[in-house]
Amino acid sequence: MTHRPTEEPLRPVRPHPADTWHRPPEPGQVDPAVLGALLRRHGWQRRGGAAGRYGRWTPPGPGGGGTSLLVPESRAFPDSEDLLGEALVALSRSGTPSAREVLVSLVVPSDEIRWWRDAPAGPAGTVPWTVEEQLRAAARQMLLAAALATRARAGYYGARHRRPAAALLEDVLVGSPVGGHLTAFAPVATARPLAVRLHQALYAAREAIDYQRATGGMDAFDGAVTAGVSRELTEALIALVRGTEGARVAVEWAPGAGVPDGCAAHAEAVEFSPGDLPALREAGARYLREEPSVAVRITGTVVRMRRSGPRGEGAVRLRVLAGAEIPHVRLTLDEEAYRIAGHAHLVGLPVRVHGRLESRGGFRRLTGASCVVPVQVDEAERDRLMKSLQENLDFFEEACGGE
């Protein structure tokens, strides 16, 4: 029996909880200035009100004339809390998409990341289902690229850092695409580094593309790696722009949290066009080609063994416990090292091995493997490993037989 563990899939970005915007926050938890800033950001218009006391706000679009909110400018007046409460209830009952986004930003103070795709519309302004799916997929690729860049700077990550990057995305909330527009909310408390890295990487990518289109040189892409540009980001931008007349990405900071160091307070959306695709493809290929292999010392548990006969070298797959930010690695061992790896697993021990993690194949293969030795672990971990062995005993008897 061959034991082939499945790869750990990356979890999709969580949608907004159903009750996040149906239940408005308590008025005492809301800063009137933050609410006003969010309304302005989301297209609401201030149309009068008592100066210095409150403003009257109407939603964006032609249908907003019949709805308005009275929002106090501060808590300096006795009726400010009542006005806030009424405004929050009205937002929760509004059918305007922007009302939901305002409430989400109040409940979970977040930096907002926005994507727009100018894709050809269908009949009567409809959008094909696949267009919205492409927007969500491209946005998730971009968030993952930014999350990877919070872990390390590299032109190509491959399988490296995927688990912690995917874990960071679990805190990001995302809405539904509407007319080629999608918004994600990165909570300030946990995901601000992601938003900052994406903001800096987008501008660096734009500058590198402009330089390449003006001069034909790719040097600017080398320097852009320090800002978070990578093959993963170029692939996300290609997915976002492909099949459109253009696309834009903007990062807007949570009003109550201030502007991060080194970032613009009111940055314009970064625009990309189909004319940028050749430069992005060339940059991605360059990053893949030039990312060097890495010398590592990996500790891992054997999860698969295979060789063509009872003797000689064999292929081994390890689940990585330490030494590299990847979930699994493949390597080829000579006969003696293969025997050591098999026996270590039979007694419930991981092994430690030296080698070079090759960028080819996504940093999933170790070459030049040497110094394979069993590693002692505590009793609880050893019991867990032994249980795994018992579930796959037939395979390991076959793999290690003939000795």
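This briefing covers two sheets, two helix pairs and two buried residues.

The model is predicted. Its strands include a closed barrel of five and an open sheet of three. Helix 10 lies across strands of the barrel, strand 10 among them. Helix 1 packs on the open sheet, and so does helix 2. Helix 4 packs with helix 5, and helix 8 packs with helix 9.

**The open sheet**

- The strand order is 2-3-4, and the pairing is antiparallel.
- Strand 2 (45-46) and strand 4 (69-72) are the edge strands. Each has a single partner strand, so one side of each lacks a neighbour in the sheet.
- Two bridges link strand 2 to strand 3 (residues 54-58), in the antiparallel sense.
- Glutamine 45 has threonine 58, in strand 3, as its bridge partner.
- Helix 1 (residues 32-41) packs on this sheet and touches strand 3 and strand 4. The direction of helix 1 makes about 135° with that of strand 4.
- Helix 2 (residues 80-93) also touches strand 3 and strand 4 as it packs on the sheet. For helix 2, the angle with the direction of strand 4 is about 140°.

**Helix 4 with helix 5**

- Helix 4 spans residues 129-151, and helix 5 spans residues 162-169.
- They pack at an angle of about 120°, and their axes are 8 Å apart.
- Helix 4 is therefore oblique to helix 5.
- Their crossing is right-handed.
- Helix 4 contributes Arg140, Leu143, Leu144, Ala147, Leu148, Thr150 and Arg151 to the contact.
- Helix 5 contributes Arg162, Pro164, Ala165, Ala166, Leu168 and Leu169.
- Of the residues in this contact of helix 4 with helix 5, nine are nonpolar, one is polar and three are charged.

**Helix 8 with helix 9**

- Helix 8 covers residues 231-241, and helix 9 covers residues 277-290.
- The packing angle is about 155°, with the axes 8 Å apart.
- At that angle, helix 8 is roughly antiparallel to helix 9.
- The crossing of helix 8 and helix 9 is left-handed.
- On the helix 8 side, the contact is made by Arg231, Thr234, Leu237, Ile238 and Val241.
- On the helix 9 side, the contact residues are Leu277, Leu280, Arg281, Ala283, Gly284, Ala285, Tyr287 and Leu288.
- The contact of helix 8 with helix 9 has nine nonpolar, two polar and two charged residues.

**The closed barrel**

- The five strands run 10-11-12-14-13, and their pairing is mixed.
- From one strand to the next, the twist averages 50°.
- Strand 10 pairs with strand 11 (residues 314-322) in the antiparallel sense, over seven bridges.
- Arginine 304 stands opposite arginine 317, which is in strand 11.
- Strand 10 and strand 13 run antiparallel, and seven bridges join them.
- Valine 296 stands opposite glycine 355 in strand 13.
- Strand 13 and strand 14 are paired in the antiparallel sense by six bridges.
- Histidine 354 faces serine 370, its opposite in strand 14.
- The hairpin of strand 13 and strand 14 has six residues between the strands. In this hairpin, glycine 361 takes a positive phi near 85°.
- Helix 10 lies across strand 10, strand 11, strand 12 (328-333), strand 13 and strand 14 (365-374). Helix 10 runs at about 65° to strand 10.

**Two buried residues**

- Threonine 299 lies in strand 10 (residues 294-306).
- Its relative accessibility is 13%, so threonine 299 counts as buried.
- Leaving aside neighbours within four places in sequence, threonine 299 is in contact with Arg319, Val320, Leu321, Ala322, Pro350, Val351, Arg352 and Val375.
- Leucine 349 sits in the loop between helix 10 (335-346) and strand 13 (351-358).
- Leucine 349 also counts as buried, because its relative accessibility is 9%.
- Leucine 349 and valine 375 are 26 residues apart in sequence. In space they are 6.1 Å apart, C-alpha to C-alpha.
- Valine 375 is also one of the contacts of threonine 299.

Conventions: Residues are numbered from 1 along each chain as its sequence is written. This is a predicted model: local features need pLDDT of at least 70, side-chain atom pairs count only at pLDDT 80 or more; totals for chains, interfaces and linings use all residues. Side-chain values use heavy atoms; hydrogens and water are left out. Axes are lines fitted to C-alpha atoms, for helices over the stretch in contact, and angles run from 0 to 180 degrees between N-to-C directions. Helices (H or I, at least four residues) and strands (E, at least two) are DSSP runs, numbered from the N terminus. Angles under 35 degrees count as roughly parallel, over 145 as roughly antiparallel, 65 to 115 as roughly perpendicular and the rest as oblique. A crossing is left-handed if the near helix is turned anticlockwise from the far one by less than a right angle, and right-handed if clockwise. Contact means heavy atoms within 4.5 Å. Ala, Val, Leu, Ile, Met, Phe, Trp, Tyr, Cys and Pro count as nonpolar, Asp, Glu, Lys and Arg as charged, and the others, Gly among them, as polar. Buried means under 20% relative accessible area, exposed over 50%, partly exposed in between (1.4 Å probe, protein chains only). Two strands pair if DSSP finds at least two bridges between them.
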